[in-house]
Amino acid sequence: MSAAPYASLKGMSKSFGSVNVLKAVDFDVRPGEVHALLGENGAGKSTLIKMMSGLYKPDEGAFTVDGEEVNFNSTRDAAAKGIATVYQELLLFPELSVAENVFLGNYPRTSAGTIDWKTVREKTRDLLDQLDSPELDVDAKVLTLSVAQRQRVEIAKALGKKARILIMDEPTASLVESDVQRLMSVVRQLRDRGVGIVYVSHRMAEIFALADRVTVIRDGAHVATCDIGDVDEDDLVSMMVGRSIESLFPKQEANIGEPVLEVRNLHRGHLVRDISFTLRRGEILGIAGLVGSGRTELALTIFGMTPAREGEILIDGKLVAITSPTRARDLGIAYVPEDRGLQGLVKPMTIKQNVTMATMANVSSGIFLKAGEEARRALDAVRRLSIRCREIDQTVSELSGGNQQKVVIAKWLETVPKVLILDEPTRGVDVGAKAEIHSIMGELVKQGVAILMISSELPEVLGMSDRVLVMSGGQVTGEIDRADATPERVGAAMTAHRTKETAE
Amino acid sequence: MKLKSLIRHETFLALMLVTALIVLAFQSDRFFTVSNLLNQGRLMTEVGLIAIAMTFVIATGGIDLSVGSILGLVAILTGVFWNNIGLPLPFAAIAAIFVGTMAGFGNGIIITRFGVPPLIATLATLALYRGLAEGISQARSVRGYPDWFYVLGQRDVLGVPTQLWILMAVAVIASVILAYTTWGRTVYAIGSNEVASRFSGLSVEKTKLALYTLSGFAASVAAVIFVSRVSTTRSDMGSGIELDAITAVVLGGTSIYGGRGTVLGTVIGLCLIQALKNGLSLAGVKGDGTIMLIGAVLILAILASNIFERSGTRN
């Protein structure tokens, strides 16, 4: 445990323009340990990681690797010193095979100088076997692999470069529970082989299960580094946010009213089959299910992105045909999508422009945009959802994940929806913003909005929902009231296949 | 903040234009005269109309390569409708413009309904529409238009070339639309992130369809002005004009990836190119040299614009 650190950073500082994102942060990694790095979005974790992997140069501070001071100019320099990174957005080439990706940039050569494909494939096979992934085909194109498989390819790639330090940036953000377990066992194995691992994650359970030490940074400054045995979850959360958070899932009681959305025997392809449910005013209906169970597809069908082929949708008791998102919006349906960067936001545009994007008719007279009205509404939204920003004319790409998500929610609240569909509303969002989003949901149901919430995080589903709808294989496999919703019951329904009796 | 809003591509471009005008004025005493400059305005109207429509198309991340062929087709049809079919000339022109607009609409349908990338769709119709024009013309040109028709392309109104008035009016209107309307906002949103635009309930398909139709319309109007200016109709008219228009748009700071660009930039880009072409030829530089210089100016302008972009943002 007390081995000398392999890599050690002292007093690292970095500024972008006038913004001081890191202030004299200390950090080190020892061989054979998992060192968790914690902090809210925007705290400076990414910047720190990027310095270690050679993407950014520090303004100040000393970085020593294996006892000698280094000055990385590129990721190649970092790789040469045995530091490899597995990024949140995986950086593989989808059209190339697994083996080609693993050795990309340092292919072994034959004596004739050509690439030695036999060795490439054998070594890749070997690396994957070390990661307990005998099912991964070295000749498969990366685009055919699941996210979890791609991640193991990334890890194999790092090992192929003889990595001594592996930096993992939110490796479980887009994994389902079973893959998370598998990844954790891979991480433990690497640790036992003496690799030092920097583990960035928002999920406390993983950190307590994996980490040996934990470092918390807040607003670019080092808060504490401690052994995991010396702290509990509440300590870490209050270190991260600088205040204590009452409850992660503040379920507020709201009056549940008459049905607002009724779905009957909805069909659309094999991931939306014969789905029926009712959603009432002031209710939060959680949708649980594994990735690929058809949760998002159901949302896209209700939102008109992929219109239903069969079945009925009723809004306020009236039969409606939802043929496009525009139509869905006009009917009072809002959808906060799963992929914030791609589907939720126009990132190069400003907060103001994003907030009014779905409701341009409300901020224009005829065809002309009214600048004053638009600014007023955007300011109002920023205040109401406490979006942290310099000004409403700031581009949303500059905001942290949680604040970006609030901008998407603000955009849809501008439409005054009756039904708000939230798809993974708190994915990639830090604990502080997460609690805020949950309290926004509480406010909305009090005002009579009906919420359909899709989430992969079971505690969130159980904590926030009045009822839970469980999907598997494109069908509803369970509808469970709040009082009866236990992790076991929901979990069982998630993996169930609908039997003939329940299918009528 | 004030200062920052001035440091932008258009400002840099305007400075380049002023510099070019001054330098060229010293090279030839025939360059910086009212009559020469107005005449250059006359010459750049057709490209200008097309470039203004192209600014919208490129701002959505698209492109329209077929405009030159539409111009040729409409020119031929104007002549054929009037000369061979015997329609009165105003109706012949309107009918031809209608066909050209429909040609643009056809581009829009291919792109939005069938999901063909704009580059490929309009590359195909570039060949298709040009082929149609050549087939219809049978290599014969139409001449002998009535005298009143030349008011459009060869005469002045209040001392300024007629078509230059049209270009200026279109530039002002298009500029206002792109900058201040919900429609302009939609164009930028589509160009920046088409998926998110669709997820925000914007009419992505309708907007794109309208833009390609408008691009066809602009090329058609340019065709009639072209015919009036050169007094004759040939099927090869307007070939290559799409590249001149795209050059002006890109020089004007519109991002080829979409999401960024202004009509003002395009108009300055247009003036700069025209000034260089004319000024250099008056100064005795050969045509090849002029083209090379325009290429160099384009690269210089884009590099400078990238530097401004970077200094303004983090990362």
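User: What domains is chain A divided into?

Analyst: Chain A has domain 1 (7-241), domain 2 (246-332 + 417-504) and domain 3 (355-415). Those bounds come from an automatic or database domain assignment. Keep in mind that this is a predicted model, where local features need pLDDT of at least 70, side-chain atom pairs count only at pLDDT 80 or more, and totals for chains, interfaces and linings use all residues. As for labels, residues are numbered from 1 along each chain as its sequence is written, while chains are lettered from A and ligands numbered from 1 in the order in which they are written.

User: How do you know that domain 2 of chain A is in contact with domain 3 of chain A?

Analyst: Two residues are in contact if their C-beta atoms, placed from the backbone, lie within 7 Å. By that rule, 11 residues of domain 2 of chain A are in contact with 10 residues of domain 3 of chain A. Helix α15 (residues 431-446) of chain A gives the most to the domain 2 side, namely four residues. Helices here are DSSP runs of H or I with at least four residues, strands are runs of E with at least two, and both are numbered from the N terminus.

User: Why is A:Lys57 called exposed?

Analyst: Let's set the count against the cut-offs: a residue is buried if 20 or more other C-beta atoms lie within 10 Å of its own, exposed if 12 or fewer, and partly exposed in between, with C-beta atoms placed from the backbone. A:Lys57 has 12 C-beta neighbours inside 10 Å, so A:Lys57 counts as exposed. You'll find A:Lys57 in the loop between α1 (45-52) and β4 (60-65) of chain A.

User: What makes strand β8 (residues 196-200) of chain A mostly covered?

Analyst: Five of its five residues are buried. A:Gly196, A:Val198 and A:Val200 point one way, A:Ile197 and A:Tyr199 the other way, and all are buried. That fits a general pattern: in a regular strand the side chains alternate between the two faces of the sheet.

User: How do you know that strand β3 (residues 34-38) of chain A and β8(A) pair?

Analyst: Two strands pair if DSSP finds at least two bridges between them. Strand β3 and β8(A) have four bridges, in the parallel sense, so they pass that test. In one of these links, A:His35 has A:Val198 as its bridge partner. Strand β7 (residues 165-169) of chain A also runs parallel to β8(A), joined by five bridges, and there A:Leu166 is partnered by A:Ile197.

User: What makes β16 (333-336) and β22 (475-481) of chain A edge strands?

Analyst: Each of them pairs on one side only. They belong to an open sheet of six strands with mixed pairing, in the order β16-β19-β20-β13-β21-β22 (chain A). Within that sheet, strand β13 (residues 284-288) and strand β21 (residues 467-472) of chain A pair in the parallel sense over four bridges. A:Gly286 stands opposite A:Val468 in β21(A).

User: How do you know that helix α3 (residues 34-59) of chain B bends at B:Thr45?

Analyst: The bend at a residue is the angle between axes fitted to the seven residues ending there and the seven starting there. At B:Thr45 that angle is about 50 degrees. Just after α3(B), B:Gly61 has a positive phi of about 90 degrees.

User: Which residues count as nonpolar, polar or charged on the side of chain B that touches chain A, and how many are there of each?

Analyst: Ala, Val, Leu, Ile, Met, Phe, Trp, Tyr, Cys and Pro count as nonpolar, Asp, Glu, Lys and Arg as charged, and the others, Gly among them, as polar. In total, 18 residues of chain B are in contact with 24 residues of chain A. That side of chain B has six nonpolar, nine polar and three charged residues.
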